[in-house]
Amino acid sequence: MGIDLGTANTLVYVSGKGIVLQEPSVVAIDQNKKIALAVGEEAKKMLGRTPGNVIALRPLRDGVIADFDTAELMLKHFIQRVNGGKSLISPRIVIGIPSGVTGVERRAVMDAAAQAGAREVYLIDEPMAAAIGAGLPISEATGNMIVDIGGGTTEVAVLSFQGTVISESVRIAGDELTESIIMHLKRVHNLVIGEWTAEDIKIRIGSAYPTDYDKDAIMEVRGIHLLSGLPRTVTLKGAEIRECMLEPLGVIIEAVKRTLERTPPELASDIIDRGIMIAGGGALIRGIDTLISHETGIVTHIAADPLCCVVLGTGRVLENFEQLERVLSGRYGNS
């Protein structure tokens, strides 16, 4: 079983079946009874809409486990759901994690999976998993550059011959883009909106670079007016949303540039020939490939299925374990 334990979404790949689960990483908990009321899509619908005794939590923040017990509960629920309600019988799980996490954070992920019923847990760095899932030839001695923009972290890496040559992980990604929209509406329009609404704005009219779509990118947004405390509607344009996302996007671009500057000349030459590959949910922001290409001067491609690259990569490692075992970065349990 391969798992992409993401800040925003968790995906599960089962050997021989493919991707069998794709759900938001959210758990709704009854604080009085200390039990989970809903997990995944059902729980996400409750974000910002629950009574006082029910709290909808995201157990992962910035790509790492922020709430261990809730993360374990969520993992256990997803694994059992995949197994048709039964406990885990699969001996091997490969989990994708950000490359910049600490040893303690790595251990927390392995412990959560072990507590959820796994007998053997392997970790793989997300950029490596995303590159494998995107179909990059990581086993060859040529330079491949991947930019994986997730919910909590952006991973930039140069890979060659089943190894990571240079990597950088910044805890600025989709969540910060969403947060920048919330702050902009509060500051400029005196309007308070929730995370769900901000995410919807980002998807519908957000962009990273001016496009032809901009002139039609208009959206009406409802929220609470700060001064009157009453509901109010404002009309937003795509250019305004792009402007407010410039700061977090700039951090991502700087991470890409820093990685390129540190890349050995031979590998840099390969990257100029092959281009940069973007994966993760952030790859779906309009014009992100054009922005990176414009800032670096290197042609930039978006993976065929950016949201699923990491979990597809974990699945390919499982199915070709002997050939790809070298790409794994951590192990727990008995063989």
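**Salt bridges, an aromatic pair and a mixed sheet**

Let me begin with helix 3, where Asp111 forms a salt bridge with Arg107, the closest N and O atoms being 3.6 Å apart. Both residues belong to helix 3 and are separated by 4 residues, about one turn of the helix. Asp111 is partly exposed, with a relative accessible area of 23%, and Arg107 is likewise partly exposed, at 42%. I should say at once that this is a predicted model, and that everything I describe is computed from it.

Staying with charged pairs, the count for the structure comes to 15 salt bridges, and two further examples join parts that are distant in sequence. In one of them, Glu23 pairs with Arg81, with 2.8 Å between the closest N and O atoms; since Glu23 lies in strand 3 and Arg81 in helix 2 (residues 68-82), this pair ties together parts that are 58 residues apart in sequence. Is Glu23 buried or exposed? With a relative accessibility of 14%, Glu23 counts as buried, whereas Arg81 is partly exposed, at 36%.

In the other, Asp175 and Arg58 form a salt bridge whose closest N and O atoms are 3.1 Å apart. Asp175 sits in helix 5 (residues 174-189) and Arg58 in the loop between strand 6 (54-57) and strand 7 (60-61), so the pair links parts that are 117 residues apart in sequence. Both Asp175 and Arg58 are buried, and through shared partners Arg58, Arg61, Asp175 and Glu195 are joined by salt bridges into one network.

Now to the sheet, in which 6 strands form an open arrangement in the order 3-2-1-9-10-19, with mixed pairing. Strand 3 (18-24) and strand 19 (330-333) stand at the edges with a single partner strand each, so one side of each has no neighbour in the sheet. From one strand to the next, the twist averages 20°. Strand 1 (residues 2-5) and strand 9 (residues 92-97) run parallel and are joined by 3 bridges, with Ile3 standing opposite Ile95 in strand 9. Helix 3 (residues 103-115), where we started, lies across strand 1, strand 9, strand 10 (120-125) and strand 19, at about 145° to strand 10.

Finally, the aromatic rings: a search of the whole structure finds 1 aromatic pair. The ring centres of Tyr122 and Phe321 are 5.1 Å apart and the planes stand at 70°, so the pair is edge-to-face. Tyr122 lies in strand 10 and Phe321 in helix 12 (residues 321-324), so the pair ties together parts 199 residues apart in sequence, and both residues are buried.

Note on methods: Residues are numbered from 1 along each chain as its sequence is written. This is a predicted model: local features need pLDDT of at least 70, side-chain atom pairs count only at pLDDT 80 or more; totals for chains, interfaces and linings use all residues. Side-chain values use heavy atoms; hydrogens and water are left out. Two strands pair if DSSP finds at least two bridges between them. Helices (H or I, at least four residues) and strands (E, at least two) are DSSP runs, numbered from the N terminus. Axes are lines fitted to C-alpha atoms, for helices over the stretch in contact, and angles run from 0 to 180 degrees between N-to-C directions. Contact means heavy atoms within 4.5 Å. Rings of Phe, Tyr and Trp (its six-membered ring) pair if their centres lie within 6.5 Å; planes under 30 degrees apart count as stacked, over 60 as edge-to-face and the rest as tilted. Buried means under 20% relative accessible area, exposed over 50%, partly exposed in between (1.4 Å probe, protein chains only). A salt bridge is a side-chain nitrogen of Lys or Arg within 4 Å of a carboxyl oxygen of Asp or Glu.
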